[in-house]
Amino acid sequence: MADIIYTLEGGVYLNITNKCPCNCAFCIRTKGDAVGDAEKLWFDKEPTIDEIKNAIDAFDFSQVESAVFCGYGEPTNAYDNLVESARYIKSINPSVKLRLNTNGLSDLINQKPTAKELSEIFDCISVSLNEPTSEKYDKITRNIFEGRAFNAMLEFTKECVKYCKSVHMTVVDVISAEDIEASRKVCESTGAEFIVRSFARGR
């Protein structure tokens with residue numbers, strides 16, 4: 001069984017699925033089988049909600065200030081498990097701050113609006129913007145929703161901004177300085193905060 005909960009640079013992360021509609025050119029999954037203190041982040045089979053809850057029970061969340069749903073997959077690809085496990089952590093420690101790292105394609109993945117519900121559960125939502133145009137976004141993310149993903153991701157982010165007090169959009173510093181600045185403007189149009197992530201650091 002792969003690690004469901006792992007730590008990295010003092011942070012607590014939850015790895016609840018390996019499924020993802022993207023195959024990003026810079027994805028951390030291509031660098032190894034695990035990060036942080038995890039031994040393995042690739043599942044032989046997708047974890048059930050009971051297995052996720054068991055992992056949560058086995059980890060001491062009583063003193064955890066924040067935790068991030070971000071593993072070797074897109075968390076919203078396991079939407080029901082994501083929602084239930086996040087609420088479960090909050091029931092154990094209501095003060096814990098939960099962040100969702102997502103590609104922002106949840107509405108396409110789940111074929112329904114999801115931003116409002118996720119915003120009610122998570123204290124922070126971080127959306128991977130990646131590139132400033134739909135064409136460049138499709139090229140670097142190699143997603144299965146080609147031609148539709150970019151706009152869906154922007155609309156998801158705008159909805160999150162309506163309901164969640166902290167929403168970020170991120171790019172990784174593998175793109176050009178010009179595209180980073182163009183991405184900043186795209187991010188500003190959604191109302192989210194813009195963050196440039198380091199590829200070398202991974203998170």
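Me: How far is the sulfur of Cys24 from the closest cysteine sulfur, and why is there no bond?
Reply: The closest cysteine sulfur belongs to Cys22 and sits 4.8 Å away, which is too far for a bond. To count as a disulfide, a pair of cysteine sulfur atoms has to be within 2.5 Å.

Me: And what is a disulfide, in general?
Reply: A covalent bond linking the sulfur atoms of two cysteines.

Me: How many disulfides does the structure hold?
Reply: It holds 0. Cys187 is in no disulfide either: its nearest cysteine sulfur is in Cys124, 12 Å away.

Me: Hang on, what kind of model is this, and what goes into the numbers?
Reply: It's a predicted model, where local features need pLDDT of at least 70 and side-chain atom pairs count only at pLDDT 80 or more, while totals for chains, interfaces and linings use all residues. Residues are numbered from 1 along each chain as its sequence is written, and side-chain values use heavy atoms, leaving out hydrogens and water.

Me: Back to the cysteines. Is Cys24 buried or exposed?
Reply: Cys24 is buried, at 14% relative accessibility. Here buried means under 20% relative accessible area, exposed means over 50%, and partly exposed is in between, using a 1.4 Å probe and protein chains only. Cys187 is buried as well, at 0%.

Me: What about the whole chain: how many helices and strands?
Reply: There are 7 helices and 7 strands. Those are DSSP runs numbered from the N terminus, with helices being H or I runs of at least four residues and strands being E runs of at least two. From the N terminus, the order is β-β-α-β-α-β-α-α-β-α-α-β-α-β.

Me: How does its radius of gyration agree with a compact globule?
Reply: With 203 residues, a compact globule would come out near 17 Å, and the chain's 16 Å agrees with that. The radius is taken over C-alpha atoms, and the globule rule is 2.2 Å times the number of residues to the power 0.38. Along the principal axes, the C-alpha trace spans about 45 × 35 × 30 Å.

Me: What share of the residues is buried?
Reply: Buried residues make up 53% of the 203. As for contacts (heavy atoms within 4.5 Å), take those between residues at least 6 apart in sequence: 77% of them join residues at least 24 apart.

Me: Okay, new topic: where is Lys136?
Reply: Lys136 is in helix H5, residues 134–141. It's partly exposed, with a relative accessible area of 37%.

Me: What does Lys136 touch?
Reply: Not counting residues up to four places away in sequence, Lys136 touches Glu131 and Asp179. Asp179 is 43 residues away in sequence, yet the two C-alpha atoms are 9.5 Å apart in space.

Me: Which residues of H5 are buried?
Reply: Tyr137, Asp138, Ile140 and Thr141. The cover over the buried residues of H5 includes strand S5 and helix H6 (149–163). Just after H5 comes Arg142, with a positive phi of about 50°.

Me: And where's Pro132?
Reply: Pro132 is in the loop between S5 (124–128) and H5. It's buried, at 9% relative accessibility. Leaving aside neighbours within four places, Pro132 contacts Phe150, Asp179, Ala182, Ser183 and Val186. Asp179 turns up in the contacts of Lys136 too.

Me: Which other residues take a positive phi?
Reply: Glu9 and Gln111 are among them, and neither is a glycine. Phi is near 50° for Glu9 and near 55° for Gln111. Glu9 is in the loop between strands S1 (5–8) and S2 (11–14), while Gln111 lies in the loop between helices H3 (106–110) and H4 (115–121).

Me: Are they buried or exposed?
Reply: Glu9 is exposed at 61% relative accessible area, and Gln111 is exposed at 72%.

Me: Last one: where is Thr170, and what is it in contact with?
Reply: Thr170 is in strand S6, residues 167–172, and it's buried at 3%. Beyond its neighbours within four places, its contacts include Ser126, Val127 and Ser128, along with Ile195 and Arg197.
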